Amino acid sequence: MKKRISIALIIVVALLGRACKKDDLMRDDDLTIIKDEVTGTPYTILRPAGFPDIQFPPDNPTTVEGIALGRRLFYDPILSADSTLSCAGCHAQKYAFSDSGRQFSTGIDSIEGNRNASAIMNVIWSKDFFWEGRSKGLEEQALEPVPNPVEMHQMWLDAEKKLNAHPEYPDMFLDAFGTKVITSDLVVKAIAQFERIMISADSRYDKILRNEDFFTEEELRGREIYTTEKGDCFHCHPVTGGLFMDNIFHNNGLDSVFSDVGREAVTGLAKDRGKFKTPTLRNIEFTAPYMHDGRFKTLEEVIDFYSEGLVNSATIDPLMKNVHKGGVQLSPDEKADLIAFLKTLSDYGFLFNPELSEP
């Protein structure tokens with residue numbers, strides 16, 4: 001009997017000790033994490049009809065508070081060394097979160113990069129980010145621009161200090177992640193949550209699929225060119241799944257000699273030289289200039305290239321099977337029809353969605 005009482009007393013003392021420690025944490029305004037349950041209000045991202053299933057990272061659940069924080073950070077130039085450049089500075093909403101028509105992004109030190117900034121949309125279904133796929137996920141990708149000397153040029157430690165000293169951010173991080181201690185890991189998790197809701201799925205094309213609109217004769221001809229060997233677009237930009245991209249790397253016949261080796265820089269394999277990730281064609285009307293280096297200023301130039309401008313090389317993709325004659329050889333009318341179809345992928349609701357705009 002005495003043995004049982006002793007064990008019970010030990011348990012009570014232990015529980016009291018844990019309670020005191022929890023109370024101490026809850027009274028500490030400098031806060032680490034003060035609660036065990038998932039912080040924030042769960043946010044449900046609805047999968048558009050016909051789109052692939054959504055895979056969420058287990059360590060970064062999407063919440064209302066996390067999205068609000070990520071949105072604020074996305075538009076705040078505080079992440080750059082001189083507080084002049086935000087994520088939105090190179091990814092503007094009215095250009096489908098691409099770089100405002102610039103060939104190369106320019107950082108805070110007026111230095112140009114050597115690639116065109118990718119558009120941010122439907123990235124919840126993407127993998128292997130950047131043109132050569134050097135980052136495996138959104139969170140990993142978001143870590144890079146801040147310390148990059150060509151972009152925001154600010155060490156993460158300095159960015160963390162600025163955010164921790166901010167009058168509002170610590171409370172926002174507390175609401176989103178249960179802590180006022182701001183780290184780069186939590187910053188990129190919040191930005192990634194916001195980027196995951198950048199879903200474009202309400203273009204005229206989508207409305208036509210829902211029987212809410214219809215193709216013109218020109219658009220129908222363009223769709224036929226797109227979805228057959230005539231235009232040969234559908235292999236790399238499939239209509240199935242709704243993404244108009246394949247998450248694969250291709251050498252699409254731009255060059256015979258490569259100043260930018262693309263995917264090879266990641267894999268170290270010569271067979272990947274000149275391969276770059278397929279971009280989505282959604283909102284293609286607004287994401288000029290085109291290709292990894294922004295060499296084509298207009299859609300017309302892009303179609304001309306695939307029609308008669310292909311260049312052979314050792315690693316050219318087998319899908320570029322018309323390279324021997326320069327391309328698919330479209331007539332001027334066929335090119336116009338194809339562009340008409342591509343413009344049905346323009347989603348004005350996405351471009352002006354207030355939930356994605358600057359808060």
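Okay, Phe-173. In this predicted model, leave out anything up to four places away in sequence, and Phe-173 touches Leu-69, Leu-73, Gly-178, Thr-179, Ile-182, Leu-186 and Val-187. I'm starting there as a way into the core. The largest nonpolar core has 51 residues, and Phe-173 is among the five that touch the most other members, along with Leu-73, Phe-74, Leu-79 and Val-187.

Which helices supply at least two residues each to this core? That would be helix 2 (64–74), helix 3 (138–142), helix 4 (156–164), helix 5 (169–177), helix 6 (184–196) and helix 12 (348–351). Helix 6 gives the largest share, seven residues. There's also a second, separate core of 29 residues, and Ile-208, Ile-316, Ile-339 and Leu-345 are in that one.

Let me zoom out for a second. The chain has twelve helices and two strands. If you read along the sequence, you get α-α-α-α-α-α-α-α-β-α-β-α-α-α. Of the 359 residues, 50% are buried. And if you take contacts with a separation of 6 or more, 65% of them are between residues 24 or more positions apart.

Back to the helices, then. Helix 2 has a buried set made up of Gly-66, Ile-67, Leu-69, Gly-70, Arg-71, Leu-73 and Phe-74. Yes, there's an arginine in that list, Arg-71. What do those buried residues pack against? Helix 4, helix 5 and helix 6. A reminder for reading lists like that one: an α-helix has 3.6 residues a turn, so residues three or four places apart point the same way.

While we're on helix 5, look at Pro-170, which sits in that helix. Pro-170 is buried, because its relative accessible area is 12% and the cut-off is under 20%. Skipping sequence neighbours up to four places away, Pro-170 touches Leu-163, Asn-164, Thr-179, Lys-180 and Ile-182. Thr-179 and Ile-182 were on the Phe-173 list as well. Pro-170 also comes up against Val-181 in C-alpha terms: eleven residues apart in sequence, 6.8 Å apart in space.

Next, a helix pair. Helix 8 (residues 217–226) and helix 11 (residues 332–342) pack at about 95 degrees, and their axes are 7 Å apart. That angle makes helix 8 roughly perpendicular to helix 11. On the helix 8 side you've got Glu-218, Glu-219, Arg-221, Gly-222, Arg-223, Ile-225 and Tyr-226, and they meet Glu-334, Ala-336, Asp-337, Leu-338, Ala-340, Phe-341 and Leu-342 in helix 11. By residue type, that contact divides into seven nonpolar, one polar and six charged.

One of those is worth a closer look: Glu-219, in helix 8. Buried or exposed? Glu-219 counts as buried, because its relative accessibility is 8%. So where does its side chain go? There's a polar contact of 2.8 Å between the side chains of Glu-219 and Arg-204. Beyond four places in sequence, Glu-219 touches Arg-204, Phe-214, Ala-340, Phe-341 and Thr-344.

Helix 11 has another partner, helix 10. Leu-299, Val-302, Ile-303, Phe-305 and Ser-307 are the buried residues of helix 10, and they pack against helix 11.

Just ahead of that, there's the loop between strand 2 (276–277) and helix 10 (299–308), where you'll find Thr-298. Thr-298 counts as partly exposed, because its relative accessibility is 30%. Its side chain reaches the backbone nitrogen of Glu-301 at 3.1 Å. And Thr-298 comes back toward Ala-288: ten residues apart in sequence, 6.3 Å between the C-alphas.

Ala-288 matters for the next slide, too, as the peptide bond from Ala-288 to Pro-289 is cis, with omega near 0 degrees. Pro-289 is in that loop between strand 2 and helix 10.

Last thing, for the backbone-torsion people. Which residue in that loop has phi near 60 degrees? Asn-283, a positive value in a residue other than glycine, and Asn-283 lies between strand 2 and helix 10. Asn-283 counts as buried, because its relative accessibility is 0%. Then there's Asn-122, with phi near 55 degrees, again positive in a non-glycine residue. Asn-122 is in the loop between helix 2 and helix 3, and at 5% relative accessibility Asn-122 counts as buried.

Notes: Residues numbered from 1 in each chain as written. Predicted model: local features only at pLDDT ≥ 70, side-chain atom pairs only at ≥ 80, totals over all residues. Heavy atoms only, no water. Axes fitted to C-alpha atoms, helices over the stretch in contact; angles between N-to-C directions. Helix = DSSP H or I, 4+ residues; strand = E, 2+ residues; numbered from the N terminus. Parallel < 35°, antiparallel > 145°, perpendicular 65-115°, else oblique. Contact = heavy atoms within 4.5 Å. Nonpolar A, V, L, I, M, F, W, Y, C, P; charged D, E, K, R; others polar. Buried < 20%, exposed > 50% of the residue type's maximum accessible area, 1.4 Å probe, protein only. Polar contact = N/O pair within 3.5 Å; in protein donor to acceptor, adjacent residues only side chain to side chain. Core = buried A, V, L, I, M, F, W, Y, C linked by side-chain atoms within 4.5 Å.
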